[in-house]
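Here is a short note for a colleague opening this entry for the first time. Please read the points with the structure in view.

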Amino acid sequence: MSIADHSTLSTPFTGDGPSIGVAVSHGFTGSPHGVRAWAQSLAEAGFAVRMPLLPGHGTSWQELARTRWQDWYAAYDAAYLELEAECDHVFSAGLSMGGALALRVAALRPVAGTIVVNPGLVIDDPRAPLAGILKLVMKSTPAIANDILKPDTDEGAYPRTPVAAAHELNKMFKDTRRLLPRITAPVRVFRSTVDHVVSDSSILALRRGLTNAPLQVTALENSYHVATLDHDADRIFSGTADFIRAVVSGHGVAGNIDASPASPEGHSR
């Protein structure tokens, strides 16, 4: 899918059961294409779904460089509030950086629960603390896209990563980590055992920060970072729907770590 197609991907899905809503976010430098099948599966399961195109995404990396992390969060928060106005229960969900946005909403809004796939909360690149200075002399770095095990699969992300936007991402991750103890609703994580983009530092930060919420982590052994487009996608889709129904039914979701996946260190997105 070409970058030109991305402007058509932000159309909201609405399922037949509007009492339950899910706000789904794509990742850094990506577009709704990376989570479209996930959102569609939730709509088909009967949930109302919003899948916003975040500012600076789906156009050019140069435009992304002109945005701030608050712009990304505001767009996702607006999608959540749309659902909150029409649904009895609203869940936040996201891939990669979208996972951080979903967790941030969970800390600041009365979400029913949160589902994240390979969420980013830490950038391991030693240049990250210097990004505010580096952006003045280096506009972009090589892409961090298409970390997908499944052959011939393209998430349609930018061919370059703007350093200015990476600086914003680092600031958002840092601020979101401090908010994690505010989350009280259950969190479900789908984590690839091999992820070349987000290292285990992010999962460790999530485990440390979620002091007041039950956490479930499910290991994905047949996918890389963009697992929503990879071999384990159907497992994510069905697991998300099952989690939502369990929470809404009041059966409760106890913390249950299925595995402690290890992955190579990489750049969070």
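1. Eight helices and 10 strands make up the secondary structure of the protein. Keep in mind that this is a predicted model. The protein has 269 residues, and buried ones make up 58% of them. Take the contacts with a separation of 6 or more: 77% of them come from residues 24 or more positions apart.

2. Start with the largest nonpolar core. It holds 46 residues. W72, M97, M172 and I183 touch the most other members. Several elements give two or more residues to this core. The helices among them are α2 (61-64), α3 (69-86), α4 (97-108), α6 (163-179) and α7 (200-209). The strands are β8 (187-192) and β9 (215-220). Helix α4 gives the most, with eight residues.

3. Look next at M172. Leaving aside residues up to four places away in sequence, M172 touches W69, W72, M97, A100, L101 and R104. W72 and M97 appear again here, having been listed with M172 among the residues that touch the most other core members.

4. A second core lies apart from that one. It has 30 residues, including L42, F91, L95 and A241.

5. Now the helix pairs. Two packed helices are described by the angle between their axes and the distance between the axes. For α4 and α6, the axes come within 10 Å and cross at roughly 40 degrees. The crossing is left-handed. On the α4 side, the contact uses M97, A100, L101, R104, A107 and L108. On the α6 side, L169, M172, F173, D175, T176 and L179 take part. By type, the contact residues of this pair are nine nonpolar, one polar and two charged.

6. The other pair is α1 (residues 36-44) and α8 (residues 233-249). Their axes also come within 10 Å, and they cross at roughly 45 degrees. So α1 is oblique to α8. Here the crossing is right-handed. A37, W38, S41 and L42 of α1 meet I236, F237, T240, A241 and I244 of α8. This contact has seven nonpolar residues, two polar and no charged. L42 and A241, both in this contact, are also among the members of the 30-residue core.

7. Check two backbone values. N118 is not a glycine, yet its phi is positive, at about 45 degrees. N118 sits in the loop between β5 (113-117) and α5 (131-134). D152 is also a residue other than glycine, and its phi is positive too, near 55 degrees. The place of D152 is the loop between β6 (140-142) and β7 (160-162).

8. Are N118 and D152 buried or exposed? N118 has 0% relative accessibility, so it counts as buried. D152 has a relative accessible area of 84%, so it is exposed. The cut-offs are under 20% for buried and over 50% for exposed.

9. Last, a glycine. G58 is in the loop between β3 (47-50) and α2. Why does G58 count as buried? Because its relative accessibility is 8%, and buried means under 20%. G58 and P32 are 26 residues apart along the chain. Their C-alpha atoms are separated by 8.3 Å.

Methods
Residues are numbered from 1 along each chain as its sequence is written. This is a predicted model: local features need pLDDT of at least 70, side-chain atom pairs count only at pLDDT 80 or more; totals for chains, interfaces and linings use all residues. Side-chain values use heavy atoms; hydrogens and water are left out. A nonpolar core is a set of buried Ala, Val, Leu, Ile, Met, Phe, Trp, Tyr and Cys residues joined through side-chain atoms within 4.5 Å. Buried means under 20% relative accessible area, exposed over 50%, partly exposed in between (1.4 Å probe, protein chains only). Helices (H or I, at least four residues) and strands (E, at least two) are DSSP runs, numbered from the N terminus. Contact means heavy atoms within 4.5 Å. Axes are lines fitted to C-alpha atoms, for helices over the stretch in contact, and angles run from 0 to 180 degrees between N-to-C directions. Angles under 35 degrees count as roughly parallel, over 145 as roughly antiparallel, 65 to 115 as roughly perpendicular and the rest as oblique. A crossing is left-handed if the near helix is turned anticlockwise from the far one by less than a right angle, and right-handed if clockwise. Ala, Val, Leu, Ile, Met, Phe, Trp, Tyr, Cys and Pro count as nonpolar, Asp, Glu, Lys and Arg as charged, and the others, Gly among them, as polar.
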